[in-house]
Amino acid sequence: HYKKGTKMIVQQDSEEAKTQELLKKVAELERILGQKQMEIDYQSKLIEIASKELDIDLKKSFKPTP
């Protein structure tokens with residue numbers, strides 16, 4: 001009853017548990033990455049708005065200390 005091109009994967013319970021744990025970890029890391037990207041976008045927009053309000057280019061005038 002298997003069709004041509006169908007692959008069967010056999011793995012032990014321990015491998016399956018490890019795979020599930022890794023998939024959960026990947027999902028959590030993707031969620032965190034998405035949150036951090038939203039923070040970066042928010043901060044960039046905030047700098048842009050503040051630059052317009054203060055009539056100063058905050059991106060160019062900020063010099064980080066080494």
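Lys 45, Glu 48 and Lys 52 are joined in a network of salt bridges. Keep in mind that this is a predicted model. One link in the network is the pair Glu 48 and Lys 52, where the closest N and O atoms are 3.7 Å apart. Why can these two reach each other? They sit four residues apart in helix H1, which means about one helical turn between them. Glu 48 is partly exposed, at 35% relative accessible area, while Lys 52 is exposed, at 64%.

On to the rest of the salt bridges. How many does the structure hold? There are four.

Earlier in the chain, Glu 28 and Arg 31 make one of them through their side chains, at 2.5 Å from N to O. Both residues belong to helix H1, which runs over residues 13-54, and they are three residues apart, again about one turn. Glu 28 is partly exposed, with 36% relative accessibility. Arg 31 is also partly exposed, at 41%.

Then there is Lys 36 with Glu 39, another side-chain salt bridge, at 3.9 Å from N to O. The cut-off is 4 Å, so a pair at that distance still counts. These two are three residues apart in helix H1, so about one helical turn separates them. Lys 36 has 45% relative accessibility and is partly exposed; Glu 39, at 40%, is partly exposed as well.

Now the chain as a whole. Its secondary structure is two helices and zero strands. Of its 66 residues, 2% are buried. The accessible surface is about 7,000 Å², and carbon and sulfur atoms account for 60% of that.

Methods: Residues numbered from 1 in each chain as written. Predicted model: local features only at pLDDT ≥ 70, side-chain atom pairs only at ≥ 80, totals over all residues. Heavy atoms only, no water. Buried < 20%, exposed > 50% of the residue type's maximum accessible area, 1.4 Å probe, protein only. Areas by Shrake-Rupley, 256 points an atom, 1.4 Å probe, with all protein chains shown as cover.
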